[in-house]
Structure formats: C-alpha cells, structure tokens
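Grab a pencil and open the viewer. Try each task before peeking at the solution under it.

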Amino acid sequence: MSLIRKRFLLGFLLSCIISTTVLSKTEVSKADASKAGAADSHHAPEGSYQVFDLTSNIKMLQGKGGNIGVLVGEEGIVLIDDDYASMSDALTAALVPFGGVEKLSYIINTHWHGDHTGGNHVMGLEASIVAHENVRQRLMTRQEIKAFGMVSEPYPEVALPSVTFREALSLYINDEQLQLIHLPSGHTDGDSIVYFKKANVFHLGDHFFNGIFPFVDVENGGNVLMMTKNLKGILSLMNETSLIIPGHGPLATKLDLISFIDMLSGTTAEVQAMKAKGLSVTQMQEKGLSDHWDDWAKGLLNAKTWIGIIDSSL
Ligand SMILES: [Zn+2]
Ligand SMILES: [Zn+2]
C-alpha cells in the first residue's frame, strides 16, 4: 500500500473551546492502519525509553524523537506526542507498566512533524488523537521540508487527529485539567503546548529545545520572531517550581526556558545587526555568532544553519 511508503521527518523533526471539530474514524481506516502496522513489524524493534517521574502520575519518556509526556490514572492514559513510527513497539512496551496501550484515552500531537506523530499509526488504533486543526490538514496531505530533503506522505485516517481546535481546548481527566494552547507561527503553523494546570507541568513541544539551537520549520509556517514572542507570552503561566518537558533535550525549569528565550533574542539581534550592515546570508554565516552562544551549537544545529533559519524568519 502506498500509505506504507512513508519516509519520516528528520531527527526532530482552555476552558473555552473556541472551535472544536470531532470526526469519527471508520473501521475501514482502522483495518488499513493495522495492515500498515503489520508491514512495519517486519522491521526489527528499535530503541527503548528512559522514563522520568515528574509527579506521581506524570512522566516524561525519552526515546528517539520528541520527548513524550504521559498522564496516568483511573480514567486512562493521556499521551503527548508519540515519537517516530519505528519506535512504536518500544513505546507500546514502555506503556505496559501504566496499563498498556489499551488504557489510552487520548493522544495529543503538539505539531505534525514525524518525530512527534509517527506513533499515531499504532496508538491511533486505541484512542482519539487531539491536535490543532493545521496538524490534521498537514498530516492528511503530502508534506515536505525541502531544506532537509524530507517528505511525509499522507497519513491514513486512523493516524489523523479526530478532535481538532483552533485556539485552545481543555481536557478534564484523572483529576487534572490539561489546557491545550495553540501558539501561532512559532515552530510550525500548528503548534500547541500542553499545560497540566494542577500539577504545574508543561509540555512545550518543539517551541523549546532545551540547551540547543532549535529547528524552526520556516517553510511550513514557523518563524523565530514569533516563537520568541510566543514563549515570552507563556512565561507568566510559570513559576520557579514549574516542570517543563521540552520537545528535545532534558527536563527543564523556568530558568532553562528563560535561557532559551535569551538565546533566541540574542542571536536574532546579532543576525539583525549583521543584516543591517548589508551582509549576505553567506557572509553572516562566515562571520558567525559571538562565542557566547557556542554551547548551543553542540546539539542539533550548528551556528551556520541557525543563522540561516533566523535570516529566513526576518
Ligand atoms: Zn521534534
Ligand atoms: Zn518539530
């Protein structure tokens, strides 16, 4: 089946419901996804998860792609992001101590990138997927990130979000209120953060790469300036005891997020200053950023790539 021929993204890759759309899944699409899952199972199981306990019932799972948030309780499991498709066997195994995939109640996608939604093909068989409406739109059509030569083929219905929203949505489950808040035009055009209101825990998706230069998907609606603005806007929800799950990198605090925002602002200012002097992108990349930011280049992106992303956001 053509649906199986998926090449996934790179290695990163509410109280008021303003607009909520609920779409039902069909048995046919579930069967299709089962076949896709069977095909995937020809591949050797890959990877494993490190589990971090944030509270008695909130966990962070680190595997291959984006960090996963897990809320467990009597009313079932809520999963925030589900990694690459190739990690689905490992993720299924990692959920066994919490009751297993059959206890899934909701799956939330922070954005469409395959390192956060690849598991939808398997996890989507068990529970409804919730995401911003642009995530559904993008996943149901062919996507490209030309900068990395990456292509994502359309997902089958069962792997698509069946509950979508525009601005914000609340889920009340396991004695917790999860607020899903859309942050416009930041990392992509369909990002949401998840705020565990009672527990003072956040999952920021790829709006936050803790300690490293982030990938910002400018060709798919992301923008460094908007990402910075969005993050400044949510700081007021946090305090010194907040725990923050970043899209990538280790578990974080508000201070780590402030460092990240300072890096976004500081490096953007340096690129803007070079641009004001008339330097081309290539010239800016040759000149580089100040030494102050060297540590941020030791993770995913080097300074040259980061300068290019900032330049394309201006
Ligand atoms: Zn990611
Ligand atoms: Zn991403």
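Below are four exercises with worked solutions, and keep in mind that the model is predicted.

**Exercise 1.** Work out the strand order of the open sheet of 5 strands, and find which strands stand at its edges.

*Solution.* Start with the order: the sheet runs S11-S12-S13-S14-S15, and its pairing is mixed. Now look for strands with a single partner: these are S11 and S15 (243-245), so each has one side left without a neighbour in the sheet. As you step across, the twist averages 20° from one strand to the next.

**Exercise 2.** Decide whether S11 pairs with S12 in the parallel or antiparallel sense, then do likewise for S14 and S15.

*Solution.* Recall that strands of a sheet pair through backbone hydrogen bonds, in either a parallel or an antiparallel way. Take S11 (residues 168-173) and S12 (residues 176-183) to begin with: they are antiparallel, with 6 bridges. To check the register, pick Leu171, which sits opposite Leu178 in S12. Next, go to the turn: this hairpin has 2 residues between the strands, and Asn174 adopts a positive phi near 55°. Then hop over to S14 (residues 201-203), which runs parallel to S15 and is joined to it by 3 bridges. For the register here, use Phe202, whose bridge partner in S15 is Ile244.

**Exercise 3.** Find the buried residues of helix H2 (residues 88-95) and say where they fall around the helix axis.

*Solution.* First list them: Ser88, Ala90, Leu91, Ala94 and Leu95 are the buried ones in H2. Then look down the axis of H2: these buried residues lie within an arc of 155°, so they line one face of the helix.

**Exercise 4.** Is Ile310 buried or exposed, and how do H7 and H9 pack?

*Solution.* Place the residue first: Ile310 belongs to helix H9 (residues 303-313). Now count: Ile310 has 27 other C-beta atoms within 10 Å, and the cut-off for buried is 20 or more, so Ile310 is buried.

What does Ile310 touch, leaving aside residues up to four places away in sequence? The answer is Val224, Thr267, Thr268 and Val271. Thr267 is 43 residues away from Ile310 along the chain, yet their C-alpha atoms are separated by 8.2 Å.

Zoom out to the helices. H7 (residues 254-276) packs against H9 at an angle of about 75°, with the axes 10 Å apart. That angle makes the two helices, H7 and H9, roughly perpendicular. At the contact, Thr267, Thr268, Val271 and Lys275 of H7 meet Trp306, Ile307, Ile310 and Asp311 of H9. Sort these by class and you get 4 nonpolar, 2 polar and 2 charged residues.

Key. Residues numbered from 1 in each chain as written. Chains lettered and ligands numbered in written order. Predicted model: local features only at pLDDT ≥ 70, side-chain atom pairs only at ≥ 80, totals over all residues. Buried ≥ 20, exposed ≤ 12 C-beta atoms within 10 Å, placed from the backbone. Helix = DSSP H or I, 4+ residues; strand = E, 2+ residues; numbered from the N terminus. Arc of directions from axis to C-beta. Pairing = 2+ DSSP bridges. Contact = placed C-beta atoms within 7 Å. Axes fitted to C-alpha atoms, helices over the stretch in contact; angles between N-to-C directions. Parallel < 35°, antiparallel > 145°, perpendicular 65-115°, else oblique. Nonpolar A, V, L, I, M, F, W, Y, C, P; charged D, E, K, R; others polar.
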